[in-house]
Amino acid sequence: MRINKSKVAVGFMVIGTLTVIFGVVLLFVGPAIMKDQIIKNTVIDPNNDMSYTMWRDIPVPFFMSVYFFNILNPQELLKGEKPMVEQRGPYVYRKRCQKDNITFHANDTVSYLEYRSYFFEPSMSAGNESDVVTIPNMLVLGAAIMMENQPYLVRLMISATFKKFKEGPFLTKSVGELMWGYDSELVEFLNSYFPGMLPSTGKFGLFAEFNNSNTGLFTIFTGQNDIRKAHKVDSWNGLTELNYWRTPQCNMINGTAGQLWPPFMTKESTLPFYSPDACRSMELVYQRPGVMKGIPLYRFVAPKTLFANGTDYAPNEGFCPCRQSGLLNVSSCRHNSPVFISHPHFYNADPVLLDYVQGLSPNEDEHGLFIDIHPQTGVPLNVSIRLQLNLYMKKVSGITETSKISEVVMPMIWFEESGYIDGPILTTFHTNLVILPAVMEYMQYGFIALGLLTIIIAFLVHHRARRSRNTAVSSIVFENPGASIKEPVKGSYGTETAEKSNMNN
């Protein structure tokens, strides 16, 4: 049986056309399918085991690295000389976070308490918790500033109390004691006679109130009916705004809880989040694109205006009373103690702050904070939040412990909370969000290319088949011209003669 190549070619043209149409449909439907999958895995839903478990029990290892500013000249500082410090550390702690008391509400929100615990990691540290360092005594020098405007007699009594309990202007203790608390008769006395004056009721330490504690009751949106609201804070401890600051804008609780963000970010997006430890909302801005182990990301960093004072950046006026730019006064949420937050080594701060302290050397790579986000999902891939704790101190008449200390914002410690996706989680993330979309994209264009190629080849085959048929017909005509002419004439003539004969009869 002879194959009709023209008909086969037409059939392949139809198949090629359908393949192109399928590829074009995938071109529009594919991204919609991926978007739907991202939304499905972003919404906080207990029915989605994988995403819900990752949200509830953060599987990414987080670490807190702590650096102390060891004072090298404490006696000279009491004489009014410029303080000299050396950085000691890092002392690294593994941070474990777990959400508890999870309650879903009818308005597409969920409430939870997140508990955090810290565990020392000697192998990752540059020393041990038994290392001894010297830092300012917050109980003495902080109280001196707080009592500055009290009557002189009261200040004398405060100074006598310090002497009674043998509290001096500086502390020389182990890292472990300074971090998690040490026994102090003064602390016991203050907690007994002035309850609530100190942030902790037990031992006094810089991070005593952080370990085995929660960050407050967060209520956030699940994103169920509006993915743009996913993970955004609805309230914190029942509050929709704060009361620490002087303006409504500064008291706003904006953004997320700082762990996940809504998906589908652009370079114009920002990263707002509320930090209970900083007592305020903060907002990071886009810096540059990047890639982490094959996964595309956007890097967001702190703008220079984050800790700018009200003079340099008017919207920050509500965080005042302010000092130099680069310092955030958190005394209003820290029992009125003269504590300031900044970037480490006064990075991005007024250069004059560096003139008051010897031993500081700020740079972006070591001291700038950043969050690397996968823009399509809002999932952080690499996080490094770096902040510094400073104490404002100076001579206060009547409190002899302050001696002749010059006015200075004294760095005490800085810490970095960091974590990045790795291991099986990174593999799953890479497969679902990089490989599968790439395969789908290649399939889309592959179907279109294959369809077009099929159509072109089928057209060429069809064209050749037609030419071959026409050539064959022409060959017959030229080889036997008489037969090709006489037959139709003979037929016509015969028919005409027969008709005439019948008419004659």
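## The 279–333 disulfide

Cysteine 279 and cysteine 333 are joined by a disulfide, with an S to S distance of 2.0 Å. Because the torsion about their S-S bond is about 90°, this disulfide is right-handed. Please keep in mind as you look around that the model is predicted.

Where do the two partners sit? Cysteine 279 is in the loop between strand 8 (270-275) and strand 9 (280-292), while cysteine 333 is in the loop between strand 11 and strand 12 (339-342), so the bond ties together parts that are 54 residues apart in sequence. Cysteine 279 and cysteine 333 are both buried.

## The 320–322 disulfide

Let us turn to the other link. Here cysteine 320 is joined to cysteine 322, with the sulfur atoms 1.9 Å apart (S to S). The handedness of this link is left-handed, with -90° about the S-S bond.

Are the two ends of this link buried or partly exposed? Cysteine 320 has a relative accessible area of 10%, which is below the 20% limit, so cysteine 320 counts as buried. Cysteine 322 has 30% relative accessibility and counts as partly exposed, because partly exposed covers values between the 20% and 50% limits.

## How the cysteines pair up

How many disulfides does a search of the whole structure find? The search finds two. If you number the bonded cysteines of the protein in sequence order, the pairing reads 1-4, 2-3.

## Two further cysteines

Cysteine 250 is worth a look as well. Why does its sulfur not form a bond with the closest cysteine sulfur? That closest sulfur belongs to cysteine 320 and lies 8.3 Å away, which is too far for a bond, because a disulfide needs the two sulfur atoms within 2.5 Å. Cysteine 250 is buried, at 3% relative accessibility.

Cysteine 97 is buried too, and its relative accessible area is 15%.

## Glutamine 324 and its contacts

Our last stop is a glutamine. Glutamine 324 belongs to the loop between strand 10 (295-301) and strand 11 (328-329). With a relative accessibility of 15%, glutamine 324 counts as buried, because the cut-off for buried is under 20%.

Which residues does glutamine 324 touch, leaving aside those up to four places away in sequence? The contacts are Asn309, Asp350, Val352, Leu353 and Tyr356.

Methods: Residues are numbered from 1 along each chain as its sequence is written. This is a predicted model: local features need pLDDT of at least 70, side-chain atom pairs count only at pLDDT 80 or more; totals for chains, interfaces and linings use all residues. Side-chain values use heavy atoms; hydrogens and water are left out. Helices (H or I, at least four residues) and strands (E, at least two) are DSSP runs, numbered from the N terminus. Buried means under 20% relative accessible area, exposed over 50%, partly exposed in between (1.4 Å probe, protein chains only). Contact means heavy atoms within 4.5 Å.
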